[in-house]
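Colleague: I'd like to learn how to read a model like this one, feature by feature. Could we start with the sheets and then go on to the helices?

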Amino acid sequence: NRPGENPPRMSDVQARITVNSNLVILPVTVKDHSGELVPDLRRDEFRVFEDNVEQHIDMFTAEAFPLSMVVLIDNDLKDKDAQKVQGSLMAILGGLSTEDEAFICRFDQFFHPGKGWTADQDKLSTELKRTSLDTEADVAPPSPPFSGTPSINNHSAVDQQAIDRGAQVIKGQPTKALDDAVFAATQLLHDRPRNRRRVILLITDGVNGGRKFNKVTTEDVIKALLAENITVYTIAVPSAYLERKISPIDRERSPMIRYANHSGGEVYHAAKEESFGEFYSRLTEEARNQYTLAYVPRGTDRNVDYHSIEVRVKREGLDIKTRDGYYSGGVPAAQRQ
């Protein structure tokens, strides 16, 4: 399916994934040396290893899955970056089908959830048009108050005092809580059906306020992403590297890159406004059209919480991306250290 087209109705495989809670479900992206998706792999070309023990693939499909996507927008960008992002937001709709749903959120020093999940493109269009990154932001919650507000250690991830102060100058924030924002986005995805792809589209320069401003760590976020089977696609704005002169080693340590790498996603470096729209379409097509491998774990120690995963294909020269592993006990508690 191309961006904007409807994925097929729920198939027998998708229905079985929904009802079988013992399955480990792996969205797998396979690309060739030129970065193009490889759509013609067969079930017998895949091998799955959990904790270095090969697993039997119980279910396999190359069907398109509908998306549940949190669009998480950095609200504390440099002026030029904010203008490019602002001008690109409507292009997000071009990559969504009528079966996809999205939740528009923003973050700076605080997490600002939007108006909730919707598959209605008219409502999404209205919300994106009203998303302002270079003026005072309307952070007041909808009425009645926003339901399902994400929490961290049983405390709301949304700063209520900031909301009560009314309109707030988002760009004036000196720091931001990137880890807390992505963690809150994982909680919004927690209850989405298993037969949907759970995705976070993160648009940011990667600046993070550290432990002084975050209640959770980057490691906490990665654990939550793996536990919830969420894939992060990061779009790095132009100044993310060029002006900060980050070394290749430091880039790999950057939270915005680690989120994507560990969850089986991708990092896109947007150099100009036109790049954003191209990347929105590419990542939604990739997320929707991943292979889905599912298995019931066999031969591994079920007394441990974390299990590593490796996926191989017999065909040579291909790039394979999936999540690093999973937590069998659910989302680990995020505790301050």
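Modeller: Let's begin with pairing: two strands pair if DSSP finds at least two bridges between them. Helices (H or I, at least four residues) and strands (E, at least two) are themselves DSSP runs, numbered from the N terminus. Here, E4 and E13 are joined by three bridges and run antiparallel. One of the contacts in register is Phe60, whose bridge partner in E13 is Leu293.

Colleague: Before we go on, what sort of model is this, and how are residues numbered?

Modeller: This is a predicted model, where local features need pLDDT of at least 70 and side-chain atom pairs count only at pLDDT 80 or more, while totals for chains, interfaces and linings use all residues. Residues are numbered from 1 along each chain as its sequence is written, and side-chain values use heavy atoms, with hydrogens and water left out.

Colleague: Which strands make up the sheet that holds E13, and in what order?

Modeller: The order is E4-E13-E1-E15, an open sheet of four strands with antiparallel pairing. At the edges sit strand E4 (59-61) and strand E15 (319-321), each pairing on one side only. On average, neighbouring strands are turned by 20° against each other, direction ignored. For angles in general, axes are lines fitted to C-alpha atoms, for helices over the stretch in contact, and angles run from 0 to 180 degrees between N-to-C directions.

Colleague: How many bridges join E1 to E13?

Modeller: Five, between strand E1 (residues 24-31) and strand E13 (residues 291-295), running antiparallel. To follow the register, find Val24 with its bridge partner Tyr295 in E13, then Ile25, which stands opposite Ala294 in E13.

Colleague: Is E13 enclosed or open, and how do I tell?

Modeller: Look at burial: buried means under 20% relative accessible area, exposed over 50%, partly exposed in between (1.4 Å probe, protein chains only). Five of the five residues of E13 are buried, so the strand is largely enclosed by the rest of the structure. In a regular strand the side chains alternate between the two faces of the sheet. In E13, Tyr291, Leu293 and Tyr295 are buried on one side, and Thr292 and Ala294 are buried on the other.

Colleague: What is the strand order in the other open sheet, the one with E2?

Modeller: That one reads E3-E2-E14-E16, four strands with antiparallel pairing. Its edge strands are E3 (53-55) and E16 (325-327), each paired on one side only. The twist averages 30° from one strand to the next. Helix H6 (residues 218-228) packs on this sheet, touching strand E14 (306-313) and E16, and its direction makes about 90° with that of E16. Touching is a matter of contact, meaning heavy atoms within 4.5 Å. As for E2 (residues 46-50), three bridges join it to E3, antiparallel again, and Glu50 stands opposite Val53 in E3.

Colleague: Now helix pairs. How should I read the angle between H5 and H8?

Modeller: Angles under 35 degrees count as roughly parallel, over 145 as roughly antiparallel, 65 to 115 as roughly perpendicular and the rest as oblique. Helix H5 (residues 178-189) and H8 pack at about 30°, with axes 10 Å apart, and are therefore roughly parallel to each other. In this pair, Leu178, Asp179 and Val182 in H5 meet Pro255, Met256 and Tyr259 in H8.

Colleague: How many residues of H8 are buried?

Modeller: Seven of nine, so to speak of helix H8 (residues 255-263) as mostly covered is fair. Among them are Met256, Ile257 and Arg258. Just after H8, Gly264 takes a positive phi of about 85°.

Colleague: And what is the angle between H2 and H9?

Modeller: About 45°, with the axes of H2 and helix H9 (residues 273-288) 8 Å apart. That makes H2 oblique to H9. Gln83, Lys84, Val85, Gly87 and Ser88 in H2 meet Glu273, Phe276 and Tyr280 in H9.

Colleague: Where is Ser97?

Modeller: In the loop between helix H2 (79-88) and strand E6 (101-107). Ser97 is buried, with a relative accessible area of 1%.

Colleague: And the overall picture?

Modeller: The protein comes to nine helices and 16 strands, and buried residues make up 53% of its 337 residues.
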